[in-house]
Amino acid sequence: MTSLTHDKLLRIFSKDHLRGYRLGIRGKRLLRERAPERFQFYLSGRTDTNSIKSSPARRLRLHRIAQTYVTMLNAGTMIYRDEKPPVFVPGGSSPCRIEAPVFYDSREMKELGLEMVKVHGSRMAGSLLTPSRTFAVFNGMDAVPVFDTQIEQRGKIMLQNIRYTRNGVSHTPDGILLSDQWAVMTTLLEDAKTYKKEHFLFGEGYEHFYFLTNDYHGETLLWLLCHPDIIGQLNAMLLRELQPPCRNAYIENDARTDAGAPILFCYLPDLPRLFRFLSALELLQMKGAILCFDFQADALRPLCGDRVELQTIDFAAFERRFLTLP
């Protein structure tokens, strides 16, 4: 970064106590000359990134999107425009196949024109498409997010329709909430027991709403979320040491202890499912267990109380077993 600013390809911009980097004229010219098909879209027309006097709220949104790009890139997701199928391009080829995880930011999605007007004001940073799933991606950074349920519901329907129209895939989208710290998840679940409950996260939004962090651990979980075959292998390995789940139980579960207590696999934290599990244990006066990675234990422990046993997976062992696969 120091070298880029020294060569005047980037420049530091600070206003309203927000510090960031902006492309200089030399940087824009270099990107246009070296890879126009990749960057011309972002450097032409009326763009937020060219607005020097943008408001703090707008600049924070740009920070969120930039951070989301980094998380996606580090998780092995395709982010560059010239590598991705033209899902959100008006009049694009139909259908187009999704053969690997791809991320489209909110500005790319706005190419749909009238379709995106319906979801103006959505907090979506973009959408993640995999061969088998669709995700609306939100990034709260270090804040506890607040959603407009009606707007986000329209965004959900829009994603479902676009995926069917352009990819010929019919399934319900899910959500991903990125955050800078695990404490946000603890706060969300504690607030869900009170009038502060964020209803869009817990029941009115997406059936599955995964909480991931903007760090190496979160990037690894995002990679895992995009590879259902690896999830299946991991679940099968965990079940070797546990009893099979009870499908007809009053409480959802992924396995059982030897004593018959329900166990929820929470290494990919699914907020609605975790909330339902904890609420059901309390309502039925039952004991259960949560299985998570060791680095997630501190965030989940305050939620467990006396009714929930916290069991952990060694993340280093998981890396050796699964992240070294060819």
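Start by selecting A255 in this predicted model: across from A255 stands I263 of β9. Now widen the selection to the two strands around that pair. β8 and strand β9 (residues 262-265) run antiparallel and are joined by 2 bridges.

**The four-stranded sheet**

Next, bring in the neighbours. β8 and β9 belong to an open sheet of 4 strands, ordered β8-β9-β10-β11, and its pairing is mixed. Look to the borders: β8 (255-256) and β11 are the edge strands, each pairing on one side only.

Helix α11, residues 228-239, is a good next pick. α11 packs on this sheet and touches β8, β9, β10 and β11. Compare directions in your viewer, and you should find about 150° between α11 and β9. Then add α13, which also packs on the sheet, touching β10 and β11. The direction of α13 makes about 170° with that of β11.

**A β-α-β unit**

Stay here and isolate β10 (residues 288-293) and β11 (residues 308-313). These two strands pair in the parallel sense over 6 bridges. For a single position to click on, try L291, which has Q311 of β11 opposite. Put helix α13 (residues 297-304) back on display, and you have a right-handed β-α-β unit made of β10, α13 and β11.

**Two helices side by side**

Keep α13 and select helix α8, residues 183-191. How do the axes of α8 and α13 meet? They come within 9 Å and cross at roughly 15°. Because of that angle, α8 counts as roughly parallel to α13. Their crossing is right-handed.

Show side chains for the contact: on α8, pick M185, T186, L189 and E190; on α13, pick A299, L300, P302 and L303. Colour them by character, and the contact residues divide into 6 nonpolar, 1 polar and 1 charged.

**The five-stranded sheet**

For the last stop, move to the other sheet described here. This one is open and has 5 strands in the order β3-β4-β5-β6-β7, again with mixed pairing. At its edges lie β3 (102-105) and β7 (209-213), each with pairing on one side only. Turn the view to follow the twist, which averages 25° from one strand to the next.

Finish inside this sheet with β5 (residues 134-139) and β6 (residues 174-179). In which sense do β5 and β6 pair, parallel or antiparallel? They pair in the parallel sense, over 5 bridges. Click V137 to end the tour: its bridge partner in β6 is I176.

Note on methods: Residues numbered from 1 in each chain as written. Predicted model: local features only at pLDDT ≥ 70, side-chain atom pairs only at ≥ 80, totals over all residues. Heavy atoms only, no water. Pairing = 2+ DSSP bridges. Axes fitted to C-alpha atoms, helices over the stretch in contact; angles between N-to-C directions. Right-handed = clockwise from strand over helix to strand, strands pointing away. Parallel < 35°, antiparallel > 145°, perpendicular 65-115°, else oblique. Left-handed = near helix turned anticlockwise from the far one by under 90°. Contact = heavy atoms within 4.5 Å. Nonpolar A, V, L, I, M, F, W, Y, C, P; charged D, E, K, R; others polar.
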